[in-house]
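Work through these exercises with the model open. Each task is followed by a stepwise solution.

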Amino acid sequence: FATVSVLVPAAGQGTRLGRGPKAFVRVGGRTLLEWVLAAFAWADEVRVALPPGVPPPPAAANVRFVPGGAERQESVARLLEGAGGDVVLVHDAARPFVVPAVVDRLLAAVAGSGAAVPVVPLPDTLIEPEEGRYGPALDRSRYALVQTPQAFFREVLAEAHQLARAEGRTATDEAQLVRALGYPVELVPGDRRMFKVTFPEDLALAEALARVWEE
Ligand code: CTP
Ligand code: MG
């Protein structure tokens, strides 16, 4: 590609983690955001959405900060405005461990299809509980967990966001919006180390992984 812009929604409050705005929580001596910025030092441009009122931290010359929105989708929409890359990679600040091999797969896949996301299989049995009781089990081999980074031609993602806004649709990731546009989204193998730090117990796992992280 000519250029890659990385869009980092980092404007969440981290309510479930309970340690204040999550992007600024430390793991292995650096904030979650610092892990992500280090992983994308190679990118042409990194755009980060911050929570309202949080001053931009010091960062490299390729990093820009914008005020985030009330919802993740709005934060990403604001990041897209003014983004310049031919390809955009949208990556949660809450996923500090970016596996380079997965990024390579995404960039290879997006070149052909215009949209690609990493997925991992479900480790556990998947059920639909019925009023607190064990309900029907779903065939977990038919399902996948979706991670970030998610890769798109910038113009495809911009069109998907505009359509979602016009129709008042919301989604928990960008690929849903692109799919709603009728665009095929390619799947590539993700990596369980790219888990999202969400609950307090995730911090212990992240600390342990930080100690052995070499990529
Ligand atoms: N995010 C964002 N803007 C929002 C909400 C979320 O940029 N208005 C970002 C978060 O900073 C995070 C990513 O989207 O990097 C995934 O969201 P999530 O894990 O839900 O983080 P939080 O919203 O911060 O956590 P919680 O839902 O527990 O409050
Ligand atoms: Mg949230």
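**Exercise 1. Sort the shell around ligand 1 by residue character.**

Step 1. The shell divides into nine nonpolar, eight polar and six charged residues. Here Ala, Val, Leu, Ile, Met, Phe, Trp, Tyr, Cys and Pro count as nonpolar, Asp, Glu, Lys and Arg as charged, and the others, Gly among them, as polar.

Step 2. In total, 23 residues surround ligand 1. A residue is near the ligand if its C-beta atom, placed from the backbone, lies within 6 Å of it. The closest are P9, G12, T15, R16 and S75.

A note on conventions. Residues are numbered from 1 along each chain as its sequence is written, while chains are lettered from A and ligands numbered from 1 in the order in which they are written. This is a predicted model: local features need pLDDT of at least 70, side-chain atom pairs count only at pLDDT 80 or more, and totals for chains, interfaces and linings use all residues.

**Exercise 2. Decide whether strand β1 is buried or exposed, and find its partners.**

Step 1. Helices (H or I, at least four residues) and strands (E, at least two) are DSSP runs, numbered from the N terminus. A residue is buried if 20 or more other C-beta atoms lie within 10 Å of its own, exposed if 12 or fewer, and partly exposed in between, with C-beta atoms placed from the backbone.

Step 2. Six of the six residues of β1 (residues 4–9) are buried, so the strand is largely enclosed by the rest of the structure. V4, V6 and V8 cover one side. S5, L7 and P9 lie on the other.

Step 3. Strands pair if DSSP finds at least two bridges between them. β1 runs parallel to β6 (residues 87–90), joined by four bridges; V6 stands opposite L89. With β4 (residues 45–50), β1 pairs in the parallel sense over five bridges; L7 stands opposite R47.

**Exercise 3. Place helix α1 (residues 32–39) in its surroundings.**

Step 1. Six of the eight residues of α1 are buried: L32, L33, W35, V36, L37 and A39.

Step 2. These buried residues pack against β1, β2 (26–27), β3 (30–31), β4 and β5 (63–67). Contact means C-beta atoms, placed from the backbone, within 7 Å. Leaving aside neighbours within four places in sequence, V36 is in contact with V8, H91, A93, P96 and V98.

**Exercise 4. Describe the setting of R19.**

Step 1. R19 sits in the loop between β1 and β2.

Step 2. R19 is partly exposed, with 13 other C-beta atoms within 10 Å. Not counting residues up to four places away in sequence, R19 touches G14 and V25.

Definitions and conventions:
Contact = placed C-beta atoms within 7 Å.
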